[in-house]
Amino acid sequence: MHKAEGFSVTAAIAALFLGAPAAFAADREALDARLQQAKPVECDVQCGDVITQHTKLTHDLSCPGTDEPALRIEGDGIVLDLGGHTVSRSGPERFNTRGVVVSGESMVRHGTIRGFGQGVRTVATGYLRLHELTFADNGVAVYNYTGNRFLVTHSRFIGNDFGFLSEFDVSSGSLDVRSSHFENNGQAIFLNSHSADVLDSTFTSNEVAINCFYGSTRVRSSVFTRNQAVASAADPGQGPFLCDTLRFEDSLLANNTSFGLQVVSNLAMVNNLLMGNDGGLAVKASTVYIHGNTFWDNAGGLTLSDSPIVAGQRLTGIVRANRFLHNDGDGLRVLPPSTPTVIGNVAVGNTGWGIHAPTAYDGGGNVARNNGAGQCEGVTCAPY
């Protein structure tokens, strides 16, 4: 049994995960305010037009879908207001077709973009604001080709192959998502060396909700239901890749097929409810901060093990104040030689062990009872 001397080492890890993301820079805030206050002028826009001033559509556009985009925004600070209308592809081929191509710091809002190979595509570094849009049946709803920063608010992504995707080994940037909905997409968000901050959003019936491919993700106050995988760190063609940081806070993960294969450098789970999922949360990581979560009635609990990326590096961190209730298999299992500090957890009514953590540091205060295979291994547990 390991004693709590590991806690002093791992306590510092909590601070690493608990820092808030950087706020918008002052220039970005000012730009965003100007974009929101803009009053676009109604124009008789046609397919292929280049937008160089604030513009509002007066009718739907059905564009043939050639290599040229349906619309192009040129210049900085331009607002394209779709006016509640739809820009769609009328031609038979979707591949290589483009809906709205953006070459500066701009805003697209209030409408639907449907059926293109790329619904919105950036071709220059900048800031792109997307507001109250519906992206439906596109190959890629939003495609980042360069080094853009995105803010997506009150938008819907329905039936796309990818909700967000970027150019491999070329693009970089950040993606902020607020109060948006992702449903029936192949991969809702695919990060490639990007950072993402997701707040107050829902992910329903996607194949993969978030693929943290060489990226970092923070999710807050969001809902994940009926997805095949909540999160992944994999390239479908090549296998697992390293996700730098994956953090979930105050979110509901319910009735998903799986959490997904995870090879993560840093994993944080704080005050989440995981219930009714068809698989447990199995994570291979370098450091973890697992605090205040409830794992209830899942087809598995929480399993922690060392990351395969760095040979010989042991998983460390804190697993504290969680509840593992009525899951199939173990409530909490720590695979040797991982050495997290396990403190103040409750494991009740799991079909396997309550807590099986032979190499963990025992922080004390753990409770286990009515588990099928045994109460605790590696840490001391009281029944109440």
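Start by selecting Ala 282 and Thr 303: Thr 303, in strand β33, is the bridge partner of Ala 282. Keep in mind as you click around that this is a predicted model.

**Stop 1: the strands around β31**

Now widen your selection to residues 281–291, which make up strand β31. Is this strand largely enclosed or largely open? Eight of its eleven residues are buried, so β31 is largely enclosed by the rest of the structure. Buried here means under 20% relative accessible area.

Next, bring in the partners of β31. Select residues 302–306 to light up β33, which runs parallel to β31 and is joined to it by five bridges. Then add residues 262–270, which is strand β29. How many bridges join β29 to β31? There are eight, and these two strands also run parallel. For a pair to look at, pick Val 263 and Lys 284: Val 263 stands opposite Lys 284, which is in β31.

One more partner to add: residues 316–320, strand β34. Five bridges join β34 to β31, again in parallel. Here, click on Ile 290 and find Val 319 of β34 standing opposite.

**Stop 2: Ala 360**

Leave the strands for a moment and select Ala 360. You'll find it in the loop between β39 (353–356) and β40 (361–364). Buried or exposed? Ala 360 has a relative accessible area of 0%, and the cut-off for buried is under 20%, so this loop residue is buried.

While you're here, add Leu 315 and draw a distance between the two C-alpha atoms. Ala 360 and Leu 315 are 45 residues apart in sequence, and their C-alphas are 9.8 Å apart in space.

**Stop 3: Thr 217**

Jump to residues 216–220, strand β22, and pick out Thr 217. With 3% relative accessibility, Thr 217 counts as buried too. What is Thr 217 in contact with, leaving aside its neighbours within four places in sequence? Select Leu 191, Ala 196, Ile 210 and Cys 212, then Thr 245, Leu 246 and Arg 247, and you have the list.

**Last stop: zoom out**

Show the whole protein and colour it by secondary structure. How many helices and strands are there? The protein has two helices and 43 strands. Of its 384 residues, 55% are buried. Among contacts with a separation of 6 or more, 43% are between residues 24 or more positions apart. Finally, switch on the surface: the protein exposes about 14700 Å², and carbon and sulfur atoms supply 50% of that.

How values were computed. Residues are numbered from 1 along each chain as its sequence is written. This is a predicted model: local features need pLDDT of at least 70, side-chain atom pairs count only at pLDDT 80 or more; totals for chains, interfaces and linings use all residues. Side-chain values use heavy atoms; hydrogens and water are left out. Buried means under 20% relative accessible area, exposed over 50%, partly exposed in between (1.4 Å probe, protein chains only). Helices (H or I, at least four residues) and strands (E, at least two) are DSSP runs, numbered from the N terminus. Two strands pair if DSSP finds at least two bridges between them. Contact means heavy atoms within 4.5 Å. Accessible areas come from the Shrake-Rupley method with a 1.4 Å probe; for residues, only the protein chains shown count as cover.
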